[in-house]
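User: I am new to this structure and would love a friendly, close look at one part of it. Please take your time and then carry on to whatever else helps me find my way around.

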Amino acid sequence: MTTKSSTSTKSVPSFAVIPGAQVQNALEGREKQIVELAEATYRLHSAGDSVNPPSYFLRFSDRPTSRIIALPASIGGQVKVDGIKWISSFPENVAAGIPRASAVLILNDHDTGYPFACMEASIISATRTAAMAAMAADWFSRGRQRPTRIGFFGTGLIARYIHKFLAGTDWSFDEIGVYDLSADSAAGFRGYLEKSDAANKITVHDSAEQLIRSSDILVFATIAGEPHVKDLSWFEHNPLVLHVSLRDLAPEILLASTNFVDDVEHCLKANTSPHLAEQLTGNRDFLQGTLGDLMAERVTVPADRPLIFSPFGLGVLDLAVGKHIYDEVTRAGELQVIEDFFHELKRYG
Ligand SMILES: NC(=O)c1ccc[n+]([C@@H]2O[C@H](COP(=O)([O-])OP(=O)(O)OC[C@H]3O[C@@H](n4cnc5c(N)ncnc54)[C@H](O)[C@@H]3O)[C@@H](O)[C@H]2O)c1
């Protein structure tokens, strides 16, 4: 980080803007490295070396389907960075041909608190979500045969990133199933899969039941606000479910399954399916633990029930990916600094 002026040992950092193209460039082809980064960061978080307060949801009475979420966080360890992701979800954007989610990430300097970067963060958010999903798929299938039939339930940006991260971390699939309420989304995702030579057999299903019954690993990435999958018999083959969109499954399905989350306090709120299961039973007994518990060998994974992982998504992961990109862009000598961003620097003028 370059400095503008300095008094004693502290100095004001420069301020940089990192647009989406630079973000994407810094991440391209680095899936394994990013999954390792996500895993190291998640371990730090699980060990308590982070601050990750509850996300703040801004909602609007005149636009009830939309929201903007603030995710402040701080990472310790070697990384030492603070910051916040500010991410909008406006589902009606999709019909107008622009992405649902848009975001910025602000990085703050550990020593002075000064913001030192503002970055395009929809790619960062999709990347950390996909890295976490790929990491979970790996951990939950250790010690057993890896699933080779995957189903994508909801086929927007997040589904594409999760596929990219699975493929980039050596997963291969014999069959890929796809289901989406929107025929255009399903066709677009199928086109992406065909281009990336993803599987021998790609099937666009016209029923949710068909997709679920024919998949050993399922990725839920819809924008459903309340449960719409309610039939437990569809899960009788005990699939691994990456429940990334968090609100698709009826609580009764969770209660008949093994449940893991990324962070208990984060996930059991905002009417996620685990939150509904807690409200239904009045307790958290249905939770087997966190992915961190599994990584630390504090819990095991029974194979005789469906396994559902519901990751709320942690701000510390956005920060870690963001700081990694900042360092890469800096190393490449391509940082776009806004000169004199901080202006009023002399206490008495
Ligand atoms: N847990 C996390 O860490 C995390 C992080 C980022 C995004 N997300 C969530 O992932 C989800 C997907 O995000 P995205 O950017 O891909 O959204 P998107 O709008 O690009 O795509 C969502 C897709 O789901 C489809 N869909 C909506 N309701 C459906 C239903 N009931 N059944 C089948 N398909 C349905 C839509 O037609 C659309 O194609 C969102 O809910 C988002 O909040 C979770």
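Where is Asp340 found?

Analyst: Happy to help! Please keep in mind that this is a predicted model. Asp340 is found in the segment after strand S18, which covers 337-338. With a relative accessible area of 49%, Asp340 counts as partly exposed, because exposed means over 50%. The backbone deserves a look as well: phi of Asp340 is positive, about 55°, although Asp340 is not a glycine. As background, most residues other than glycine have a negative phi.

Lys80 is another residue to view with this in mind. Its phi is near 45°, a positive value in a residue other than glycine. Lys80 is found in the loop between strand S6 (67-75) and S7. At a relative accessible area of 41%, Lys80 is partly exposed.

The two strands beside that loop are good places to go next. In strand S6 you will find Leu71, which is buried at 8% relative accessibility. Leu71 and Gly289 are 218 residues apart along the chain, and their C-alpha atoms are separated by 23 Å. Strand S7, residues 81-89, holds Trp86. At 38% relative accessibility, Trp86 counts as partly exposed. Trp86 also helps to make a nonpolar surface patch of about 370 Å², together with Tyr56, Leu58 and Val104.

Now for a residue in a helix. Ile34 has its place in helix H2, residues 31-46, and is buried, with a relative accessible area of 0%. Ile34 and Ala320 are 286 residues apart in sequence, and their C-alpha atoms are 9.4 Å apart in space.

Let us turn to empty space inside the model. As a general idea, rolling a probe the size of a water molecule over the atoms shows where empty space is left. Here the count comes to 1 cavity of 30 Å³ or more, and the largest cavity has a volume of about 50 Å³. Its lining is made by Gln24, Leu27, Glu28, Ile123, Thr127, Tyr161, Lys164 and Phe165. The elements that give two or more residues to this lining are helix H1 (20-27), helix H3 (122-140) and helix H4 (157-168). H4 gives the largest share, 3 residues. By class, the lining has 4 nonpolar, 2 polar and 2 charged residues.

Two names from that lining, Glu28 and Lys164, come up again among the charged contacts: Glu28, Glu31 and Lys164 are linked in a network of salt bridges. The structure holds 19 salt bridges, and a few pairs make a good tour.

Begin with Asp62, which forms a salt bridge with Arg63; their closest N and O atoms are 3.2 Å apart. Asp62 counts as exposed, at 57% relative accessibility, whereas Arg63 is partly exposed, with a relative accessible area of 36%.

Next come Glu236 and Arg213, whose side chains meet in a salt bridge of 3.0 Å, N to O. Glu236 lies in the loop between strand S13 (217-220) and strand S14 (240-243), and Arg213 lies in helix H6 (residues 208-213), so this pair ties together parts that are 23 residues apart in sequence. Glu236 is exposed, with a relative accessible area of 56%, while Arg213 counts as partly exposed at 32%.

The last pair on the tour is Arg331 and Glu328, whose side chains meet in a salt bridge of 2.9 Å, N to O. Both are in helix H11 (residues 315-331); because they are 3 residues apart there, about one helical turn separates them. Arg331 counts as exposed, at 62% relative accessibility. Glu328, by contrast, has a relative accessible area of 18% and is therefore buried, since buried means under 20%.

To find your way back to the start, return to the segment after strand S18, where Asp340 is found, and look once more at its positive phi of about 55°. Then visit Lys80 in the loop between S6 and S7, where phi is near 45°.

Technical notes
Residues numbered from 1 in each chain as written. Predicted model: local features only at pLDDT ≥ 70, side-chain atom pairs only at ≥ 80, totals over all residues. Heavy atoms only, no water. 1 Å grid on protein atoms, 1.4 Å probe; cavity = no way out; pocket = protein on both sides within 12 Å on 5 of 7 lines; lining within 4 Å. Points joined across faces, edges and corners; volume = space filled by probe spheres on them. Helix = DSSP H or I, 4+ residues; strand = E, 2+ residues; numbered from the N terminus. Nonpolar A, V, L, I, M, F, W, Y, C, P; charged D, E, K, R; others polar. Patch = residues over 30% accessible without salt bridge, like charges linked within 9 Å, V, L, I, M, F, W, Y side chains within 5 Å. Areas by Shrake-Rupley, 256 points an atom, 1.4 Å probe, with all protein chains shown as cover. Salt bridge = Lys/Arg side-chain N within 4 Å of Asp/Glu carboxyl O. Buried < 20%, exposed > 50% of the residue type's maximum accessible area, 1.4 Å probe, protein only.
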